[in-house]
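Take a guided walk through this structure. Keep the sequence beside the 3D view as you read.

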Amino acid sequence: MPSLVVVSHPEKVLFPDPGVTKGEVAEYYHRVADVMLPHLNDRPLTIQRFPQGIEKQGFMQKHAGKGFPDYIDRIELAKQDGTVNYPIIRDEMGLAYLANQNTITFHIPGFRASHLEHPDRMVFDLDPSEGDLDGVRYAARATAEFLGALDVPTWLMTSGSKGFHLVTNLQPTIGFDEMGRFAQAVATLLAESHPKQMTVEFLKKERQGRVFVDWMRNHFGPTAVCPYSLRPRPGAPIAMPIDWKALETTRPDDFRLRQFELNANPWAAAKPIDLAPAVAAMEEMIARTGVDLPEFDRFGRS
């Protein structure tokens, strides 16, 4: 089926290496619409646009512009110093329109417009030192094992950059305070249990070659890259859901637009869980271990 939006200037090169055009980007998002839209649907979006290609300065856009069509919804949400009218798409028409606006990457929050205060997505972003594949694979296995012991399943995604994301689909039964504290405790306890391999130090100079377990996307304000999004890096890499069996043979930037084939969805069985039992178990663990958890507000500020 052809794209639902006429692509303007399809010949424009957005990725000089390897010469990927705007038309190819729009066609890619058309091809993945069926598997990508369930992750985008009903979420306030932050889009990363590159009108002159990725080698020129792009920008992050949260506000739905006046020129956006009626089939893109808006929702007004609080930010740290005011409000923003975020765009929301619900179908391929909206996805196609944003692709035609030179959107390379789609970033999503952990909630949907239908349940603003109750997240349905938890993410751990494992950020290694440059090129440390063994370290980030170790961290992915350790994080999944820790969460698995709490009956929290994790689903694996390449970031399209340096690391991997571990994602858990949630039933919207708890608030951001509870999920954020849970994620913070998981990362902190992992860093304490694997001090040579993993850290919760935000500053790169303090990481000393260890993998940063970034739990801080699990607040109301922050976002994470949407599955199947392109990333603004040479080669047009993709943030790609993968099976856990592929971890040892897959690099975080292995999937590229021109080599992409849409196969079976490795997250097809990723059913949402109620995180409340794991949160209760974690509170008992926090009390038992006496782990120190600095406080953060709903926007992820300490």
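Which helix and which strand each supply at least two residues of the lining of the second largest pocket? They are helix H2 (33–40) and strand E10 (164–169). Before going on, note that this is a predicted model.

Stay with the second largest pocket. Its volume is about 340 Å³. H2 gives the most to the lining, with four residues. The lining counts 18 residues in total. Nearest the centre of this pocket lie Pro38, His39, Arg112, Asn169 and Ala270. By class, the lining has eight nonpolar, four polar and six charged residues.

Now turn to the largest pocket. It holds about 690 Å³ of space. Its lining takes in 36 residues, and the closest to its centre are Asp214, Met216, Arg217, Pro222 and Thr223. Three strands give two or more residues each to this lining: E5 (73–79), E8 (121–127) and E12 (211–214). The class split is 16 nonpolar, ten polar and ten charged residues.

Some of these names come back in the cavity. The structure holds one cavity of 30 Å³ or more. The volume of the largest cavity is about 50 Å³. Arg217, Pro222 and Thr223 are among the residues that line the cavity. The others in its lining are Ile108, Pro109, Gly110, Arg121, Val123, Asn218 and Ala224. Sorted by class, the cavity lining has five nonpolar, three polar and two charged residues.

Next come the helices. Two packed helices are described by the angle between their axes and the distance between the axes. Start with H1 (residues 22–31) and H3 (residues 92–100). Their axes come within 9 Å and cross at roughly 160 degrees. The angle is over 145 degrees, so H1 is roughly antiparallel to H3. The crossing of H1 and H3 is right-handed. On the H1 side, the contact uses Lys22, Ala26, Tyr29 and His30. On the H3 side, Glu92, Leu95, Ala99 and Asn100 meet them. Together, the residues of the H1 and H3 contact divide into four nonpolar, two polar and two charged.

The second helix pair is H5 (residues 176–193) with H6 (residues 276–289). These helices pack at an angle of about 50 degrees, and their axes are 10 Å apart. That angle makes H5 oblique to H6. The crossing of H5 and H6 is left-handed. H5 brings Glu178, Arg181, Phe182, Ala185, Val186 and Leu189 to the contact. H6 answers with Ala278, Val279, Met282, Glu283, Met285, Ile286 and Thr289. The residues of this contact divide into nine nonpolar, one polar and three charged.

Two details of the backbone close the tour. Most residues other than glycine have a negative phi, and most peptide bonds are trans. Where does a cis peptide bond appear? One joins Asp17 and Pro18, with omega about 20 degrees. Pro18 sits in the loop between strand E1 (13–15) and strand E2 (20–21). The other detail is at Gln208. Its phi is near 55 degrees, a positive value in a residue other than glycine. Gln208 lies in the loop that runs between strand E11 (198–199) and E12. Strand E12 also gives two or more residues to the lining of the largest pocket.

Methods. Residues are numbered from 1 along each chain as its sequence is written. This is a predicted model: local features need pLDDT of at least 70, side-chain atom pairs count only at pLDDT 80 or more; totals for chains, interfaces and linings use all residues. Side-chain values use heavy atoms; hydrogens and water are left out. On a 1 Å grid over the protein atoms alone, a cavity is a set of points where a 1.4 Å probe fits but cannot get out, and a pocket is an open set with protein on both sides within 12 Å along at least five of seven lines; lining residues have an atom within 4 Å of a point. Grid points are joined across faces, edges and corners, and a volume is the space filled by probe spheres set on the points. Ala, Val, Leu, Ile, Met, Phe, Trp, Tyr, Cys and Pro count as nonpolar, Asp, Glu, Lys and Arg as charged, and the others, Gly among them, as polar. Axes are lines fitted to C-alpha atoms, for helices over the stretch in contact, and angles run from 0 to 180 degrees between N-to-C directions. Angles under 35 degrees count as roughly parallel, over 145 as roughly antiparallel, 65 to 115 as roughly perpendicular and the rest as oblique. A crossing is left-handed if the near helix is turned anticlockwise from the far one by less than a right angle, and right-handed if clockwise. Contact means heavy atoms within 4.5 Å.
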